[in-house]
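Trainee: Could you choose one small part of this structure and take me through it closely? I would also like to see how that part fits into the rest.

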Amino acid sequence: MRIGELAAQAGLTTDAVRFYEKVGLVTGRRLPNGYRDFPPETLPWLHYVRTAQSLGFSLAEIARTGEQLSDAPDQAAALSALFADKIQVIDTRTAELTALRAELASRVGTGCPLRADEAGSVASPTPWRAPGR
């Protein structure tokens with residue numbers, strides 16, 4: 001299937017397909033006339049890539065796990081394990097962001113929200129300027 005047909009069926013632009021090819025997510029062969037030709041299994045793979053992206057997976061994660069999933073004897077179980085791992089990453093990041101939010105909230109209205117003294121209260125305000133200003 002040529003790139004334009006593949007892109008249309010996948011709901012992508014030809015530039016997106018070219019990008020996925022450049023980063024190694026899809027592979028097409030060149031026809032004698034220079035056109036790209038992709039095997040039929042590229043279409044469901046592109047649907048998977050787009051769905052995985054919408055679920056928060058990076059292209060690097062998709063590329064890394066794609067082979068593992070296709071080689072897995074039970075793809076459903078492998079995919080469930082992948083989702084469980086991603087949930088753990090999200091939970092960890094959520095905890096980090098919650099702690100960061102609490103730290104920022106504790107500094108709001110303190111006069112100098114970028115410096116705290118050792119006792120945990122905010123130090124007296126000290127004017128500062130960005131370098132070169």
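**A close look at threonine 65**

Mentor: Threonine 65 is found in helix 4, where a helix is a DSSP run of H or I with at least four residues, a strand is a run of E with at least two, and both are numbered from the N terminus. Please keep in mind that this model is predicted, so local features need pLDDT of at least 70 and side-chain atom pairs 80 or more, while totals for chains, interfaces and linings use all residues. Residue numbers start from 1 along each chain as its sequence is written, and side-chain values use heavy atoms, without hydrogens or water.

Is threonine 65 buried or exposed? Its relative accessibility is 7%, so threonine 65 counts as buried (buried is under 20% relative accessible area, exposed over 50%, partly exposed in between, with a 1.4 Å probe and protein chains only). If you set aside the neighbours within four places in sequence, the residues in contact with threonine 65 are Tyr48 and Leu82 (contact means heavy atoms within 4.5 Å). Take the second of these partners: threonine 65 and leucine 82 are 17 residues apart in sequence, and from C-alpha to C-alpha they are 8.2 Å apart in space.

Now look at another residue of helix 4, alanine 63. With a relative accessibility of 40%, alanine 63 counts as partly exposed. From C-alpha to C-alpha, alanine 63 is 7.7 Å from glycine 24 in space, although 39 residues separate alanine 63 and glycine 24 in sequence.

Let us move on to the loop between helix 3 (42-54) and helix 4 (59-71), where you will find phenylalanine 57. Here we meet the aromatic pairs, of which there are three (rings of Phe, Tyr and Trp, its six-membered ring, pair if their centres lie within 6.5 Å; planes under 30 degrees apart are stacked, over 60 edge-to-face, the rest tilted). One of them includes phenylalanine 19 and tyrosine 20, whose ring centres are 6.2 Å apart with planes at 55°, so this pair is tilted. Phenylalanine 19 is partly exposed at 41% relative accessibility, and tyrosine 20 is buried at 4%.

Phenylalanine 57 itself pairs with phenylalanine 83: the ring centres are 6.2 Å apart and the planes are at 45°, so this pair is tilted too. Because phenylalanine 83 lies in helix 5 (residues 75-107) and phenylalanine 57 in the loop, the pair ties together parts that are 26 residues apart in sequence. Phenylalanine 57 is buried, its relative accessible area being 7%, while phenylalanine 83 is partly exposed at 33% relative accessibility.

Finally, step back to the protein as a whole. Along the sequence you can follow the pattern α-α-β-β-α-α-α, which gives five helices and two strands. Of the 133 residues in the protein, 23% are buried, threonine 65 among them. Among the contacts with a separation of 6 or more, 38% join residues that are 24 or more positions apart. So here is the picture to take away: helix 4 holds both a buried residue, threonine 65, and a partly exposed one, alanine 63, while phenylalanine 57 in the loop between helix 3 and helix 4 is paired with phenylalanine 83 of helix 5.
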